[in-house]
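Me: I am new to this structure and would like to know what the terms used for it rest on. Please show it, and then I will ask.

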Amino acid sequence: MQDHLQITFRGMSPCPAIELLVRERAERLERAGSRIQRCQVVVDQPHRHQHKGSSFCVRLDITTPEDEVVVTREPEARCSHEPLQNAIRGAFDAAARQLEARTERRRAV
């Protein structure tokens with residue numbers, strides 16, 4: 001997976017701990033049986049100057065032989081200061097659910 005994983009940080013400096021978390025979650029997705037050809041992760045801290053605290057967006061673009069899964073995790077208004085680790089976990093969990101649902105649909109046909 002390491003060859004197919006691309007991590008981009010926008011509006012913030014790269015963080016080794018966050019990069020490690022992303023790599024671990026991507027490996028977990030692949031071990032779960034997803035045939036991932038490419039996984040592009042964008043960690044964004046938009047509009048830093050307008051917020052007190054931190055607000056992060058995480059976007060996953062995952063390509064498999066059958067299709068592409070795109071997940072965007074943005075902070076909600078009521079929870080605008082969600083920790084980055086939670087946003088990353090939430091995005092990968094959503095991607096895992098989508099990949100599993102698509103696999104189930106293909107098996108049912």
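Reply: One term comes up often: contact means heavy atoms within 4.5 Å. The model is a predicted one, in which local features need pLDDT of at least 70 and side-chain atom pairs count only at pLDDT 80 or more, while totals for chains, interfaces and linings use all residues. Residues are numbered from 1 along each chain as its sequence is written, and side-chain values use heavy atoms, with hydrogens and water left out.

Me: Which residues is phenylalanine 92 in contact with, leaving aside its neighbours within four places in sequence?

Reply: Phenylalanine 92 is in contact with Val22, Arg25, Ala26, Leu29, Cys39, Val41 and Leu60.

Me: What makes a residue buried, and why is isoleucine 88 called that?

Reply: Buried means under 20% relative accessible area, exposed over 50%, and partly exposed in between, with a 1.4 Å probe and protein chains only. Isoleucine 88 has a relative accessible area of 0%, so isoleucine 88 is buried. This residue lies in helix α2; helices (H or I, at least four residues) and strands (E, at least two) are DSSP runs, numbered from the N terminus. Leaving aside neighbours within four places in sequence, isoleucine 88 is in contact with Ile18, Leu21, Val22 and Val58. Isoleucine 88 and valine 22 are 66 residues apart in sequence, and their C-alpha atoms are 7.1 Å apart in space.

Me: How many helices and strands are there in the protein chain, and what pattern do they follow?

Reply: The protein chain has two helices and four strands. Along the sequence the pattern reads β-α-β-β-β-α.

Me: Why are threonine 64 and proline 65 put in classes of their own, buried or partly exposed?

Reply: Threonine 64 has a relative accessible area of 6%, and therefore counts as buried. Proline 65 counts as partly exposed because its relative accessibility is 43%. Threonine 64 is found in the loop between β3 and β4, and proline 65 lies in the loop between β3 and β4 as well. Not counting residues up to four places away in sequence, threonine 64 touches Arg35, Ile36, Gln37 and Leu99, while proline 65 is in contact with Arg35 and Gln37.

Me: What makes glutamate 27 buried, exposed or partly exposed?

Reply: Glutamate 27 has 22% relative accessibility, so glutamate 27 counts as partly exposed. Glutamate 27 lies in helix α1.

Me: What makes a set of residues a nonpolar core, and which members touch the most others in the largest one?

Reply: A nonpolar core is a set of buried Ala, Val, Leu, Ile, Met, Phe, Trp, Tyr and Cys residues joined through side-chain atoms within 4.5 Å. The largest has 27 residues, of which Val41, Leu60 and Phe92 touch the most other members. At least two residues of this core come from each of β1 (5–10), α1 (16–31), β2 (38–44), β3 (57–63), β4 (68–73) and α2 (84–108). With eight residues, α2 gives the most to this core.

Me: What classes of residue line the largest pocket?

Reply: Its lining has four nonpolar, four polar and eight charged residues. Here Ala, Val, Leu, Ile, Met, Phe, Trp, Tyr, Cys and Pro count as nonpolar, Asp, Glu, Lys and Arg as charged, and the others, Gly among them, as polar. A pocket is an open set of points on a 1 Å grid over the protein atoms alone, where a 1.4 Å probe fits, with protein on both sides within 12 Å along at least five of seven lines; lining residues have an atom within 4 Å of a point. The largest share of the lining of the largest pocket, eight residues, comes from α2.
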